[in-house]
Amino acid sequence: MDMRKYKIMWLVMLVLPVGCIEEDYFGKSSFNKMLSFSLPQQIDATVIDHDKREIYLTVSDEADVTAMVPAVLVVSNFAKVTPGKEQIMDFSKPVVYTVTAESGTSVDYTVFVKLSSPEIQLPNSSFDQWYITKGGYQQIGVDADDKVWCTGNEGVVTMGSANALPLLVDNETVAQLTTLQLGSLAQLVGQGIAAGSLFTGTFKLNLSNPAESPQFGTPFVARPKSFSVEFRYRPGDELMNGKGKVIPGKDSVEIAVWLEDRSSEPWKRVATAWYRSEEATPEWSVLQLPLQYGQLPSPKYFEIPAKGVWGSGTETPTHLTVVFSSSARGALFEGAPGSELLVNDFKLVY
């Protein structure tokens, strides 16, 4: 027999039996673990003790734990859980979940929920951690998966260079935000001014409507009384518009913090703190502003909610927005080239 034909026949004989194996050849799955669990308004990481089959977590003391549906409930593949994922439960007392494997074996996990008034600080609020993006510019955060803080660098580098960068000052890393005048191509479309910006949220470049590129806000459930930040500001000499024309007025720094309840639409503004000033602050200064809960009595036009409505102030926040900009009207492509804002050590005060 031709040896090549012999080898082929031998391989076919090996392959055919494998193709006939049924999916349940190894029997039914015996895995019955609770893999992850969380609740709305949770303020810490969930701890799952698989040996004791106990789950521990903390939620805001403003949460109604007597009637809650888990935000996340994941068990082993092919396993089932009772009560069901969508069932409303009273977590003011320990709640038992039974996880049953495909094979029929079951175990009980007990969920213990603690109430607490959170005093949350945002990660990287000293602005020390930055990384190099695939585009070759620096971006705030540990890596690309860090979604707490963001900058407008992704948009600026399409027509210029990054203008939100780390800067070493007296052996401390601070965030340096600089207003740039971009080239003739950017001026042609009225986008010749790029304010340096740093904010909580994400950035997705929207060429048809650049002002919509930043998506403000990071998940947050606490109720701080005020905020503080160290800053230094030097406005540029001439205020310009996006076409490169000098316009009347002076540039302004912008530092803003607001809380929102996004649990339903329209979003509700829960609290507001806003600083906008033309004054130069050549020396390091500490800005501390109170957060005013509910509707402001006489809001300036820029303090009015752009998305959503005023809330009563009693709502539980779901998101926090913090914005720093070297030119307050940067979203309108107005600013003074050379305006520089340095910020360091942002803190929420309870």
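A pocket here is an open set of points on a 1 Å grid over the protein atoms alone, with protein on both sides within 12 Å along at least five of seven lines, and its lining residues have an atom within 4 Å of a point. Volume means the space filled by probe spheres set on the points, with grid points joined across faces, edges and corners. By that yardstick, the second largest pocket holds about 270 Å³ of space, while the largest has a volume of about 1400 Å³.

Keep in mind that this is a predicted model: local features need pLDDT of at least 70, side-chain atom pairs count only at pLDDT 80 or more, and totals for chains, interfaces and linings use all residues. Residues are numbered from 1 along each chain as its sequence is written, and side-chain values use heavy atoms, with hydrogens and water left out.

**Overall build**
- The protein has three helices and 25 strands, where helices (H or I, at least four residues) and strands (E, at least two) are DSSP runs numbered from the N terminus.
- Its radius of gyration, taken over C-alpha atoms, is 27 Å, well over the 20 Å that the globule rule (2.2 Å times the number of residues to the power 0.38) gives for 350 residues, so the protein is more spread out than a compact globule.
- Along the principal axes, the C-alpha atoms fill a box of roughly 90 × 70 × 40 Å.
- Buried residues (under 20% relative accessible area, 1.4 Å probe, protein chains only) account for 43% of the 350 residues.

**The largest pocket**
- This pocket is lined by 48 residues, and the closest to its centre are A211, P214, F216, G330 and A331.
- Elements giving two or more residues to the lining include helix 2 (153-156), strand 16 (214-216) and strand 24 (319-325).
- Strand 24 gives the most, with four residues.
- By class, the lining has 28 nonpolar, twelve polar and eight charged residues; Ala, Val, Leu, Ile, Met, Phe, Trp, Tyr, Cys and Pro count as nonpolar, Asp, Glu, Lys and Arg as charged, and the others, Gly among them, as polar.

**The second largest pocket**
- Of the 16 residues lining the second largest pocket, Y131, Q139, K147, C150 and E154 are the closest to its centre.
- Strand 9 (138-140), strand 10 (149-151) and strand 15 are the elements that give two or more residues to this lining.
- The largest share, three residues, comes from strand 15.
- The lining splits into seven nonpolar, five polar and four charged residues.

**Strand 15 and its partners**
- Strand 15 is largely enclosed by the rest of the structure, because six of its seven residues are buried.
- Strand 15 pairs with strand 10 in the antiparallel sense over three bridges (pairing needs at least two DSSP bridges between two strands), and T151 stands opposite L198 in strand 15.
- Strand 15 also runs antiparallel to strand 24, joined by three bridges, with F324 in strand 24 as the bridge partner of L198.
- Strand 16 is another antiparallel partner of strand 15, again over three bridges, and there Q215 is the bridge partner of T202.

**The five-stranded open sheet**
- An open sheet of five strands runs in the order 2-3-7-6-5, with mixed pairing.
- Its edge strands, each pairing on one side only, are strand 2 (47-49) and strand 5 (80-82).
- Strand 3 (residues 54-60) and strand 7 (residues 106-116) pair in the parallel sense over seven bridges, and T58 stands opposite K114 in strand 7.

Key: 1 Å grid on protein atoms, 1.4 Å probe; cavity = no way out; pocket = protein on both sides within 12 Å on 5 of 7 lines; lining within 4 Å. Buried < 20%, exposed > 50% of the residue type's maximum accessible area, 1.4 Å probe, protein only.
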